[in-house]
Amino acid sequence: MKKRNKIIYWIATAWLSLGMLSTGIVQLLQLKEEKEMMAHLGYPLYFLRILGVWKILGVIAVLIQKFPLLKEWAYAGFFFAMSGAIFSHFAIGDGGKEYFGPTLLLILTVLSWYFRPENRKTISV
């Protein structure tokens, strides 16, 4: 059982990290498609840089060995960002394909968080 959980954790974490890192870089570069999507959603363009930096820092926090409380914050940030993206697309009536990316990253966030090893969890008092 432990080996299965470890495999699930690393697969989910690898895909989550790749997804967040790639979208974070694209947002930092402010590619045309990203600018158009932010305008479509009604958000200011400077929000792209904020999201890009947060995503990249979140990936680093999730992957480094120590700092479990920082990991919790990173997972929470990923959860809020992706659920916010889903609800933003829903609020303006976007079609199904716009939901795919954020929904996949949200699922990977939950899987990675749930199956993380004990040494990557905060200790409850």
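Helices, as named in this account, are DSSP runs of at least four residues, numbered from the N terminus. The structure is a predicted model, and the helices are followed here through their mutual packing and then through the pocket that they line.

Two packed helices are described by the angle between their axes and the distance between the axes. For α1 and α5, that angle is about 140° and the axes lie 8 Å apart. An oblique arrangement of α1 to α5 follows, because 140° falls outside the ranges that count as roughly parallel, roughly antiparallel or roughly perpendicular. The crossing of α1 past α5 is left-handed. On the α1 side the contact is formed by Tyr-9, Ala-12, Thr-13, Trp-15, Leu-16, Gly-19 and Met-20, and on the α5 side by Leu-105, Leu-108, Thr-109, Leu-111 and Ser-112. Charged residues are absent from this contact of α1 with α5, which comprises 8 nonpolar and 4 polar residues.

The packing of α3 against α4 likewise has an angle of about 140°, with the two axes 9 Å apart. These two helices are therefore oblique to each other, and α3 and α4 cross in a left-handed sense. From α3, the residues Leu-51, Lys-55, Gly-58, Val-59, Ala-61, Val-62 and Leu-63 meet Leu-70, Lys-71, Ala-74, Tyr-75, Phe-78, Ala-81 and Met-82 of α4. By class, 11 of the residues in the contact of α3 with α4 are nonpolar, 1 is polar and 2 are charged.

Helix α3 also packs with α2. The axes of α2, residues 32-41, and α3, residues 46-63, come within 10 Å and cross at roughly 110°. Helix α2 is therefore roughly perpendicular to α3, since angles of 65 to 115 degrees are classed in that way. The handedness of the crossing of α2 and α3 is right-handed. Here Glu-34, Lys-35 and Met-38 of α2 meet Phe-47, Leu-48 and Leu-51 of α3. This contact of α2 with α3 contains 4 nonpolar and 2 charged residues, and no polar ones. Leu-51 of α3 thus takes part in the contact with α2 and also in the contact with α4.

The account now turns to empty space. Rolling a probe the size of a water molecule over the atoms shows where such space is left. The largest pocket holds about 730 Å³ of space. It is lined by 31 residues, of which Gln-27, Glu-34, Ala-85, His-89 and Pro-102 are the closest to its centre. Two or more lining residues come from each of α1 (2-29), α2, α3, α4 (68-91) and α5 (97-114). Helix α5 gives the most to this lining, with 8 residues. The lining of the largest pocket divides into 18 nonpolar, 8 polar and 5 charged residues. Glu-34, one of the residues closest to the centre of the pocket, is also among the α2 residues that meet α3.

Key: Residues numbered from 1 in each chain as written. Predicted model: local features only at pLDDT ≥ 70, side-chain atom pairs only at ≥ 80, totals over all residues. Heavy atoms only, no water. Axes fitted to C-alpha atoms, helices over the stretch in contact; angles between N-to-C directions. Parallel < 35°, antiparallel > 145°, perpendicular 65-115°, else oblique. Left-handed = near helix turned anticlockwise from the far one by under 90°. Contact = heavy atoms within 4.5 Å. Nonpolar A, V, L, I, M, F, W, Y, C, P; charged D, E, K, R; others polar. 1 Å grid on protein atoms, 1.4 Å probe; cavity = no way out; pocket = protein on both sides within 12 Å on 5 of 7 lines; lining within 4 Å. Points joined across faces, edges and corners; volume = space filled by probe spheres on them.
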